[in-house]
Amino acid sequence: MGANALVGTSLYVGVETMFPITKILLDMGMGIGAVMALIITAAGISIPEVIFLSSIFKMKLLIVYIATILVISVGMGYVSIIL
């Protein structure tokens with residue numbers, strides 16, 4: 001799941017494309033936890049998003065934001081497996 005979260009950072013996924021991508025990945029046999037981690041990071045900390053936020057946030061806050069999204073996405077991946 002951690003690897004999927006990191007892969008998600010390099011993708012730009014719009015909100016409207018998250019549901020079809022999720023369905024395709026699940027239909028292909030990808031685990032729900034991995035899909036959750038990928039989708040959360042792709043929506044939350046994609047490269048365009050980070051570039052935009054870097055013009056607003058100071059570097060320390062940007063790092064905290066990125067770390068928070070990564071922790072949440074991996075955590076949600078594990079929680080979705082457990083439930």
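Is Gly44 buried or exposed? In this predicted model, Gly44 counts as buried, because its relative accessibility is 10% and buried means under 20%. The views below start with the whole chain and then move in, coming back to Gly44 along the way.

**View 1. The whole chain is built from helices.**
Welcome to the overview! The chain has five helices and zero strands, so if you use the definition of helices and strands as DSSP runs, the order of elements from the N terminus reads α-α-α-α-α. Of its 83 residues, 30% count as buried. The accessible surface adds up to about 5,200 Å², and carbon and sulfur atoms own 78% of that area. Look also at how the chain meets itself: among contacts with a separation of 6 or more, 74% are between residues 24 or more positions apart.

**View 2. Five residues make up the largest nonpolar core.**
Here you can find Met18, Leu25, Val35, Leu38 and Ile39, which together form the largest nonpolar core. Two elements, α2 (15-27) and α3 (32-44), each give two or more residues to this core. Helix α3 gives the most, with three residues. Follow Ile39 for a moment: leaving aside residues up to four places away in sequence, Ile39 touches Met18, Ile21 and Thr22.

**View 3. Helix α3 and its buried residues.**
Try tracing helix α3 from end to end. Its 13 residues reach 18 Å from the first C-alpha to the last, close to the 18 Å expected at 1.5 Å a residue. The buried residues of α3 are Gly33, Ala34, Val35, Ala37, Leu38, Ile39, Thr41, Ala42 and Gly44.

**View 4. Gly44 and its neighbours.**
Now back to the residue from the opening question. Gly44 lies in helix α3. Not counting residues up to four places away in sequence, Gly44 touches Glu49, Tyr65 and Ile69. Take Ile69 as an example: Gly44 and Ile69 are 25 residues apart along the chain, and their C-alpha atoms are separated by 6.7 Å.

**View 5. Helix α5, from one end to the other.**
Does the span of α5 agree or disagree with what its 24 residues should give? It agrees, because at 1.5 Å a residue the helix should span 34 Å, and its end C-alpha atoms are 35 Å apart. The buried residues of this helix are Leu62, Ile69, Ser73, Gly77 and Ser80.

**View 6. Ile82 and a nonpolar patch on the surface.**
Ile82 is found in helix α5, which covers residues 59-82. This residue counts as exposed because its relative accessible area is 70%, and exposed means over 50%. Ile82 joins Ile72, Met76, Val79 and Leu83 in a nonpolar patch on the surface, and the five have about 530 Å² of accessible area together. Can you spot Gly33 as well? The C-alpha atoms of Ile82 and Gly33 are separated by 9.0 Å, although the two residues are 49 residues apart along the chain.

**View 7. The salt bridge in helix α2.**
How many salt bridges does the structure hold? The structure holds one. In it, the side chains of Asp27 and Lys23 meet, at 2.9 Å from N to O. Side chains of opposite charge can pair when their charged atoms come close. Both Asp27 and Lys23 lie in helix α2, four residues apart, about one turn of the helix. Asp27 is exposed, and Lys23 is too.

Conventions:
Residues numbered from 1 in each chain as written. Predicted model: local features only at pLDDT ≥ 70, side-chain atom pairs only at ≥ 80, totals over all residues. Heavy atoms only, no water. Patch = residues over 30% accessible without salt bridge, like charges linked within 9 Å, V, L, I, M, F, W, Y side chains within 5 Å. Areas by Shrake-Rupley, 256 points an atom, 1.4 Å probe, with all protein chains shown as cover. Salt bridge = Lys/Arg side-chain N within 4 Å of Asp/Glu carboxyl O. Buried < 20%, exposed > 50% of the residue type's maximum accessible area, 1.4 Å probe, protein only. Core = buried A, V, L, I, M, F, W, Y, C linked by side-chain atoms within 4.5 Å. Contact = heavy atoms within 4.5 Å. Expected span 1.5 Å × (residues − 1).
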